[in-house]
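Student: Please give me a close look at the aromatic side chains here. Start with the overall fold, and finish with the charged residues.

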Amino acid sequence: MNFVLIFLLWLFLNIMIGLTMDFALFTQTTPEMKDANIFAKILSSEFWASVEWMFLIPANRIGNTFLSAAQISLSSYVFDFLAQLWSNAYWLKLPTTIDDYVGMFLILFGMYAAKYTLFG
């Protein structure tokens, strides 16, 4: 039972990382920020990036208890991609293009190839 709670906390933290990462990346591109000056855009991005780290550090420390470093890295790419799909569909109202999927496939393939090249 304890492991399930820790895993759920880790899952929640990774979801929050994905959301705050998207806020940090895309808030300055929203219509509300279109006419904002560069300092307002940087301040907004830095605020959300700092909030992201408040979730990132505990998520990695918790994940390190049951995942290897490579698995944590791979899982972060998966969560980031899922957050990108969410932000495209529900926030930015943009289609997810084929290059998004190809990019994710290349990242996953590269990590898979690197794992088996380095570790046999």
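Tutor: Four helices and zero strands make up the protein. A helix here is a DSSP run of H or I with at least four residues; a strand is a run of E with at least two, and numbering starts at the N terminus. In sequence order the pattern is α-α-α-α. This is a predicted model: local features need pLDDT of at least 70 and side-chain atom pairs count only at pLDDT 80 or more, while totals for chains, interfaces and linings use all residues. Residues are numbered from 1 along each chain as its sequence is written, and side-chain values use heavy atoms, with hydrogens and water left out.

Now the frame around the rings. The C-alpha trace spans about 50 × 35 × 25 Å along its principal axes. Of the 120 residues, 28% count as buried. Buried means under 20% relative accessible area, exposed means over 50%, and partly exposed lies in between (1.4 Å probe, protein chains only). Take contacts (heavy atoms within 4.5 Å). Among those between residues at least 6 apart in sequence, 71% join residues at least 24 apart.

On to the rings. Rings of Phe, Tyr and Trp (its six-membered ring) pair if their centres lie within 6.5 Å; planes under 30 degrees apart are stacked, over 60 edge-to-face, and the rest tilted. That rule gives eleven aromatic pairs. One of them joins F7 and W10: the centres are 5.6 Å apart, the planes meet at 40°, and the pair is tilted. Both residues sit in helix α1 (residues 2-26), three residues apart, about one turn of the helix. Their exposure can be read off the accessibility. F7 has 31% relative accessibility, so it counts as partly exposed. W10 has 6%, so it counts as buried.

F23 and W91 make another pair, with ring centres 5.2 Å apart and planes at 85°, so this one is edge-to-face. It links distant parts of the chain: F23 lies in helix α1 and W91 in helix α3 (residues 69-91), 68 residues apart. F23 is partly exposed, at 25% relative accessible area. W91 counts as partly exposed, at 25% relative accessibility.

Ring pairs also build a cluster. It holds F3, F7, W10, F66 and F79.

W91 leads to the charges, since it is among the residues that D22 touches. D22 is in helix α1. Leaving out residues up to four places away in sequence, D22 touches T27, A83, Q84, W86, S87 and W91. Does D22 have a partner of opposite charge, and where is the nearest one? D22 is buried yet has no salt bridge; the nearest side chain of opposite charge, K93, is 13 Å away. A salt bridge needs a side-chain nitrogen of Lys or Arg within 4 Å of a carboxyl oxygen of Asp or Glu. Lys and Arg count as positive, Asp and Glu as negative; His and the chain ends are not counted.

K93 itself lies in the loop between α3 and α4 (98-119). Its relative accessible area is 61%, so K93 is exposed. K93 has a positive phi of about 55°, although it is not a glycine. Most residues other than glycine have a negative phi.

One more charged residue. R61 lies in helix α2 (residues 38-63). It counts as exposed, at 64% relative accessibility.
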